[in-house]
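I sat down today with a structure to look up a handful of local features, and I kept notes as I went. The sequence and the coordinates come first, and my entries follow.

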Amino acid sequence: MDTFVSFSVDLMMCSGDALVHFKLLVLTVATQETDGFRRFLKSARNFNYTVLGRGQKWSGGDYMSAPGGGQKVRLLKEALQETKSEDQVLLFTDSYDAVFASGPKELLRKFQQAKHKVVFSSERLIWPDRHLEDKHPHVREGNRFLGSGGFMGYLSNIREMVSNWTGEDADSDQLFFTKIYVDPDKRKSINMTVDSRCRLFQNLHGALDDVVLKFEDGRVRARNVLYDTLPVLIHGNGPTKLQINYMGNYIPKSWTFETGCTVCQDDLRSLADSEYPLVSIGIFIQQPTPFVSVFFERLLKLEYPKDRLKLFIYNQEPHHEPQVSSFLRDHGGLYQDVRSITPKEDMDSAAARDLALDICRKDADCDYFFNLDIEVVLKNEKTLKILIEQNLPVVAPMITRAGRLWSNFWGAVSAEGYYARSEDYVDIVQGRRVGVWNVPYVSNVYLLKAHLLRSQLKDSAVFTSHSLDPDMAFCHSLRSAGVFMFVTNMQTFGRILSTENYQSTHLHNDLWQIFENPVDWEERYIHQNYSRIMRDKLIETPCPDVYWFPVFSDVACNHLVEEMEHFGKWSGGGNTDTRIQGGYENVPTIDIHMNQINFEKEWQKFLVEYVAPITEKMYPGYYTKAHFELAFVVRYRPDEQPSLRPHHDASTFTINIALNQLGQDYQGGGCRFLRYDCSIQAPRKGWALMHPGRLTHYHEGLPTTAGTRYIAVSFVDP
């Protein structure tokens, strides 16, 4: 990798009344082609700087966290000895954490206006030697202290400035330049100053409250509100790397209100004409989670060749072993390889995640690692392809929790490394700003380039930390290695489940998720044609004031029947019934009440959400809160209770849902309304009959002649 990268620009500019030819040379030290360096190059090319370069190995110390960076001065000194053109203006800048906000013409104009031969960036804070504070000259307005991350001047003056460098590569370049600046004679000889009002350079350390983004005319600038200036070069020095990452999402015109995202189609990887890369998918189950079987159904639908996928499944929860085992038994052979970690192996989550990465790291064929937590509802079947095509080091598809601002990324982190909300977070989550965003934290679902595991992330304990949870430790590892994380909301990808209040005491626990995960509950349990009821007039009227419409899916019917049979405490069908008020049932059935399986709250929610709107449409002027005293599942069998004698219901209206299929599960059955001599003898599974309960609709249950018939009955508004 080139150590020195240079940018050359020739410009004709006015200087007073004369037209002057300027040769601008931009030099930067870059020992690795990091994500930050690539961002810097992109911002430079945006303003037509021409890239040049040469190479040497870096030995300048860790100047990000301690004094160092002396090699930069040595390399600069050597480069200037080889440069013969004395009329050049030189800009020297850090690059990993810097972006250009404007072009060379503005840069040179502001340099001219400074009326000095060398101009350094300025700092509000003095570093690394506070004892030199009093020696810094006072300025009329702005920052007094010198910052070495960026400076600009005429070649001869900069050559004079660095001519006396004799330090070690690990010595402090900041201290070297500061000592020159605070020496009045040297400062005068070189004719140097600091950019106190941040017209050329904006160092973010100590100035975060002073700098805001300014959106104007299809481009974005950083504005220093304290001095009302628009700096040309923005530098995230010291502990402000995340802030420059945030600003780099916009500056100079990565995203604007007029254009949206202008860089989202850059450097994409095409999958059209090449073999699909090999992806290792890590699936992690850490707690009881709803809709696990649906997760595996969606995994099978992922649009990607299964022979180019390897699975690593970690399950910490014994409750979910049947679902995992069923998936592996029925479909595991479709994948190139499968490894499963069961609860019996007693491995914690961090160790399992580190193991999954290490397997990919050691597999020379592994191109990507795709993390997929079990809570993720991945609706977009093209997700994996989309993420690979983004060609980014780490990229997550944005997913949110239904109806909430919770998502799988953070827009900012606090000084302690915990969640902080960025200014644009809500706009990104709600889709008012669409693009690909550099963020400090991703979780749950993301794609990682495997070569990172063999370079910047060689440590086998990426997820393991004594003070951070695994996801936070992972993202901290990425940030420390200078690896950028991105989240994309360019497409709709899915959502994330809530695992709060999940019960695991029932046979089909997902039935109880109507409150916590209503969208997923509806997709699983409401009939696929329910939304067409009003739009396509799907409601039928088989008898006067009797309405017939689809409401439950096959899965809902099956789960409710199986749940009742699993509970098993069917009533005896006698008139004495201690479950109801008064203890006497005039028209008894063999049934189980919803409250016996603690399902009454969920059932009322179902009635309110999916039955009440139809009631109010079909019975104009009547509004219901869907209260009920009795809701139950009835079982009819020829040798048990085959039918029900004529009766009225103790309700304003009644809902009767067929839970299994005529002809397939039973013969006979149905409902006859005596007053109208009208029968419904072919109830459709999942369809509801809705009819008045009292007075007008005297009815009977027709005999079931074979098999077992199940119906769910609700007496609403008693």
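Before looking at any single residue I fixed the cut-off: I call a residue buried when its relative accessible area is under 20%, and exposed when that area is over 50%. I also kept in mind that this is a predicted model.

**Entry 1: H559.** I asked first whether H559 is buried or exposed. With a relative accessibility of 12%, H559 falls under the 20% limit and therefore counts as buried. I found H559 in helix α16, which covers residues 554–567. Leaving out neighbours within four places in sequence, I listed the contacts of H559 as H508, L511, R524 and Y525. For Y525, I noted that its C-alpha atom is 9.2 Å from that of H559, with the two positions 34 residues apart along the chain.

**Entry 2: Q513.** I then went to Q513, which sits in the loop between β28 (494–496) and α14 (518–525). Its relative accessibility is 1%, so I entered Q513 as buried as well. Beyond four places in sequence, Q513 is in contact with P290, F291, S498, N501, Y502, P518 and W521.

**Entry 3: confidence.** I checked how far the model can be read, and found a mean pLDDT of 93 for the protein, with 95% of its residues at 70 or more. Residues 56–67 are a stretch where pLDDT stays under 50, although the model gives this stretch 36 contacts beyond four places in sequence. Where pLDDT is low, the predicted coordinates should not be read in detail, so I took nothing further from there.

**Entry 4: cores.** Which residues have the most contacts inside the largest nonpolar core? I wrote down I234, I251 and F409, in a core of 53 residues. Helix α10 (residues 349–362) supplies the largest share of this core, namely five residues. Apart from it I noted another core, of 49 residues, which includes L497, I592, W603 and A688. Nonpolar side chains tend to be buried together in soluble globular proteins.

I followed I251 further, and found that, setting aside residues up to four places away in sequence, I251 touches V99, F100, A101, L213, V220, R221, A222 and I234. The peptide bond from I251 to P252 is cis, with omega near -5 degrees, and P252 lies in the loop between α7 (241–248) and β13 (255–256).

**Entry 5: the three-stranded sheet.** Since I234 and V99 had both come up, I looked at their strands, and found that V99 has I234 in β12 as its bridge partner. The pairing of β5 with β12 (residues 233–235) is antiparallel and runs over three bridges. These strands belong to an open sheet with the order β5-β12-β9 and mixed pairing, in which β5 (98–100) and β9 (201–203) are the edge strands. Helix α1 (residues 35–46) packs on this sheet and touches β5 and β12, its direction making about 10 degrees with that of β5.

**Entry 6: the annotated span and a four-stranded sheet.** UniProt, in an unreviewed entry, lists residues 627–718 as "domain: Fe2OG dioxygenase". I found this span to be 0% helix and 53% strand, with its end C-alpha atoms 8 Å apart. I next looked at an open antiparallel sheet of four strands, in the order β33-β39-β36-β37. Why are β33 (644–647) and β37 (678–680) left without a neighbour on one side? They stand at the edges, each with a single partner strand, so one side of each has no neighbour in the sheet. Inside the sheet, three bridges join β36 (residues 671–673) to β39 (residues 699–701), and F673 has H699 in β39 as its bridge partner.

**Entry 7: backbone geometry.** I closed with two residues other than glycine that have a positive phi. N598, at about 55 degrees, lies in the loop between β31 (591–593) and α17 (600–618) and is exposed, with a relative accessible area of 52%. L695, with phi near 65 degrees, lies in the loop between β38 (687–692) and β39 and is exposed at 74% relative accessibility.

Definitions and conventions:
Residues are numbered from 1 along each chain as its sequence is written. This is a predicted model: local features need pLDDT of at least 70, side-chain atom pairs count only at pLDDT 80 or more; totals for chains, interfaces and linings use all residues. Side-chain values use heavy atoms; hydrogens and water are left out. UniProt positions are given in the numbering used here, feature names are shortened, and annotations may be inferred rather than shown by experiment. Helices (H or I, at least four residues) and strands (E, at least two) are DSSP runs, numbered from the N terminus. Buried means under 20% relative accessible area, exposed over 50%, partly exposed in between (1.4 Å probe, protein chains only). Contact means heavy atoms within 4.5 Å. A nonpolar core is a set of buried Ala, Val, Leu, Ile, Met, Phe, Trp, Tyr and Cys residues joined through side-chain atoms within 4.5 Å. Two strands pair if DSSP finds at least two bridges between them. pLDDT is the predictor's confidence in each residue, from 0 to 100. Axes are lines fitted to C-alpha atoms, for helices over the stretch in contact, and angles run from 0 to 180 degrees between N-to-C directions.
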